[in-house]
Amino acid sequence: QVQLVESGGGLVEAGGSLRLSCAASGSIFGIMTMAWYRQTPGKQRELVATITSGGRTNYADSLKGRFTISRLTTKNTVYLQMNSLKPEDTAVYYCNAGYGSVGGSNTYWGQGTQVTVSA
């Protein structure tokens with residue numbers, strides 16, 4: 001069993017930055033693919049970024065250049081650095097962990113952290 005706890009959300013003005021953290025329990029963090037998703041009311045949860053156990057990253061095309069995902073295995077933590085934030089980035093951001101693939105029914109989710117970007 002893996003437990004994920006997100007932190008770092010909050011209210012920020014457009015153009016500002018935030019760094020989200022996701023702390024994972026369990027010694028298997030190092031072999032898991034990690035991801036960040038986000039969701040706004042009435043919309044499907046969308047993939048923001050992924051990072052494999054080997055450090056390979058992938059981003060939603062619309063977010064490339066503004067968001068950076070990273071992981072620190074010694075702290076069982078994955079981060080999402082968000083720069084040049086826009087009001088449309090407002091959402092609940094979720095951390096996800098899986099063995100290889102992410103987002104599916106056999107993966108693990110955090111409780112989410114709210115990010116609000118004011119115009």
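A charge is said to sit over a ring if NZ of Lys or CZ of Arg is within 6 Å of the ring centre and within 35 degrees of the ring normal. The legends below describe close-up views of a predicted model.

**View 1. The charged end of R45 over the ring of W109.** In this view, the charged end of R45 lies 4.5 Å from the centre of the W109 ring and sits over that ring. W109 is partly exposed, because its relative accessibility is 30%.

**View 2. The charged end of R45 over the ring of Y94.** R45 also has its charged end over the ring of Y94, at 3.7 Å from the ring centre. Y94 has a relative accessible area of 15% and is therefore buried.

**View 3. The aromatic pair of Y94 and W109.** A pair of aromatic rings is described by the distance of the centres and the angle of the planes. The whole structure contains two aromatic pairs. In the pair formed by Y94 and W109, the centres are 6.4 Å apart and the planes meet at 85 degrees, an edge-to-face arrangement. This pair links distant parts of the chain, since Y94 belongs to strand 9 and W109 to strand 10 (residues 108-109), 15 residues apart. Ring pairs join Y37, Y94 and W109 into a cluster.

**View 4. The disulfide of C22 and C95.** The structure has one disulfide. It is formed by C22 and C95, whose sulfur atoms are 2.1 Å apart. C22 lies in strand 3 (residues 18-24) and C95 in strand 9 (residues 91-98), so the disulfide ties together parts that are 73 residues apart in sequence. The torsion about the S-S bond is about -80 degrees, and the disulfide is therefore left-handed. C22 is buried, at 0% relative accessibility, and C95 is buried with a relative accessible area of 0%.

Methods. Residues are numbered from 1 along each chain as its sequence is written. This is a predicted model: local features need pLDDT of at least 70, side-chain atom pairs count only at pLDDT 80 or more; totals for chains, interfaces and linings use all residues. Side-chain values use heavy atoms; hydrogens and water are left out. A disulfide is a pair of cysteine sulfur atoms within 2.5 Å. Helices (H or I, at least four residues) and strands (E, at least two) are DSSP runs, numbered from the N terminus. Buried means under 20% relative accessible area, exposed over 50%, partly exposed in between (1.4 Å probe, protein chains only). Rings of Phe, Tyr and Trp (its six-membered ring) pair if their centres lie within 6.5 Å; planes under 30 degrees apart count as stacked, over 60 as edge-to-face and the rest as tilted.
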